Amino acid sequence: MPILLNISSPSGKPAAGSSRFWGRPDLPYGSDYPFYTGTDGSEYPYVFICQINLAEIAVYDTGNLLPHEGLLSFFARIDHYLGDFSAPDGIGGYVSGRDAVKVMYIPSCANLEEVPLPDDGRSCPVTPGEMQIVFGAGEPDTSDGHALFASPLHRQWETWDHPFEDWTILLQVDSFEGEDFNLCFMDEGVLDFLISPEDLKRHRFSDVRAIVLSS
């Protein structure tokens, strides 16, 4: 059963380690903001998408698919879809390589701090203001399809391409906009983070892939 992510403006500053979209990621003290290496050999920061406090979704995770403590944080190369067309190409309509996204599992929500983008002159991604997440259960609405373990939207074939046929959608992020951003995946499509059944069973998140699907 999908776990829905209902996103809205926060009523105040979210506590460290709480679930949220955008803003700055909470990472263990002393951690660096994650970067990837582009085809030109330069390093670029990922876009921080969201972090999920796993204790907050435990009641909805009836299949015990995820740990029920700690933090799961999602980063991706989606600068283009936030309007920065000068950024290196990221994720398209085919299952990506492993460096297109980064998913970090932090086993404890203790000793976390907000980690800003480094101010060292390198190109920085769009960083929308943080938004709060309220979780629920059920199939996502086609106009608001943010969900963990979602069924594929806009997929015009039965399975993913080889060798990813049996991979699961770990997180689906829908196109949407706010006061300081417009996130649009092609023609109002979705971004899917994909994980293999074996990695999901073992709670390994080092080889998550991604794809953008659109009508």
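## Exercises on a predicted structure

Phenylalanine 176 is buried, with a relative accessible area of 16%. That value comes from a predicted model. The exercises start from this residue and then move through the sheet, the cores, the loops and the cysteines.

**Exercise 1. Find the ring that pairs with phenylalanine 176, and describe the geometry.**

Step 1. Count the pairs. The structure holds 14 aromatic pairs.

Step 2. Pick out the partner. Tryptophan 22 pairs with phenylalanine 176. Their centres are 6.3 Å apart, and their planes differ by 10°.

Step 3. Classify the pair. Planes under 30 degrees apart count as stacked, so this pair is stacked.

Step 4. Place both rings. Tryptophan 22 lies in the loop between strand 2 and strand 3 (26–28), while phenylalanine 176 belongs to strand 13 (residues 176–178). The pair therefore ties together parts that are 154 residues apart in sequence.

Step 5. Check burial. Tryptophan 22 is buried too, at a relative accessible area of 0%.

Step 6. Widen the view. Ring pairs join Phe21, Trp22, Phe176 and Phe181 in a cluster.

**Exercise 2. Which kind of aromatic pair do tyrosine 33 and phenylalanine 75 form?**

Step 1. Take the distance. The centres are 5.9 Å apart.

Step 2. Take the angle. The planes stand at 85°. An angle over 60 degrees counts as edge-to-face, so that is the class of this pair.

Step 3. Locate the residues. Tyrosine 33 sits in the loop between strand 3 and strand 4 (35–37), and phenylalanine 75 sits in strand 7. The two are 42 residues apart, so the pair links distant parts of the chain.

Step 4. Check burial. Tyrosine 33 and phenylalanine 75 are both buried.

**Exercise 3. Trace the open sheet and name its edge strands.**

Step 1. Read the order. The sheet has 10 strands, in the order 8-7-6-2-10-1-11-12-15-16, and the pairing is antiparallel.

Step 2. Go to the ends. Strand 8 (101–106) and strand 16 (209–213) are the edges. Each has a single partner strand, so one side of each lacks a neighbour in the sheet.

Step 3. Look at one pairing inside the order. Strand 2 (residues 20–21) and strand 10 (residues 131–137) run antiparallel and are joined by 2 bridges. Arginine 20 faces glutamine 132 of strand 10.

**Exercise 4. Which residues of the largest nonpolar core touch the most other members?**

Step 1. Name them. The core has 42 residues, and Phe21, Ile52, Ile78, Leu191 and Phe193 touch the most other members.

Step 2. Find the main contributor. Strand 6 (residues 47–53) gives the largest share, 4 residues.

Step 3. Follow isoleucine 52. Beyond four places in sequence, its contacts include Leu5, Leu72, Phe74, Ile133 and Phe135.

Step 4. Look for another core. A second, separate one has 13 residues, among them Leu4, Ile169, Ile211 and Leu213.

**Exercise 5. Where do asparagine 64, glutamate 188 and proline 163 lie, and what marks their backbone?**

Step 1. Asparagine 64 is in the loop between helix 1 (54–57) and strand 7 (71–76). Its phi is near 50°, a positive value in a residue other than glycine. Asparagine 64 is exposed, at 53%.

Step 2. Glutamate 188 is in the loop between strand 14 (181–183) and strand 15 (190–195). Its phi, near 60°, is positive as well. Glutamate 188 is partly exposed, at 48%.

Step 3. Proline 163 is in the loop between strand 11 (147–148) and strand 12 (168–174). The peptide bond leading from histidine 162 to proline 163 is cis, with omega near 5°.

**Exercise 6. Is proline 67 buried or exposed?**

Step 1. Locate proline 67. The loop between helix 1 and strand 7 holds it.

Step 2. Compare with the cut-off. Buried means under 20%. Proline 67 has 10% relative accessibility, so it counts as buried.

Step 3. List its contacts. Beyond four places in sequence, proline 67 touches Leu54, Tyr105 and His203.

Step 4. Look across the chain. The C-alpha atoms of proline 67 and arginine 202 are 9.8 Å apart, though the residues are 135 apart along the chain.

**Exercise 7. How many disulfides does the structure hold?**

Step 1. The count is 0.

Step 2. Test cysteine 50. The nearest cysteine sulfur, on cysteine 109, is 14 Å away. A disulfide needs sulfurs within 2.5 Å.

Step 3. Test cysteine 184. Its nearest cysteine sulfur belongs to cysteine 50, 18 Å away.

Step 4. Add accessibility. Cysteine 50 is buried at 0%, whereas cysteine 184 is partly exposed at 22%.

Definitions and conventions. Residues numbered from 1 in each chain as written. Predicted model: local features only at pLDDT ≥ 70, side-chain atom pairs only at ≥ 80, totals over all residues. Heavy atoms only, no water. Buried < 20%, exposed > 50% of the residue type's maximum accessible area, 1.4 Å probe, protein only. Core = buried A, V, L, I, M, F, W, Y, C linked by side-chain atoms within 4.5 Å. Contact = heavy atoms within 4.5 Å. Pairing = 2+ DSSP bridges. Phe/Tyr/Trp six-rings, centres within 6.5 Å; stacked < 30°, edge-to-face > 60°.
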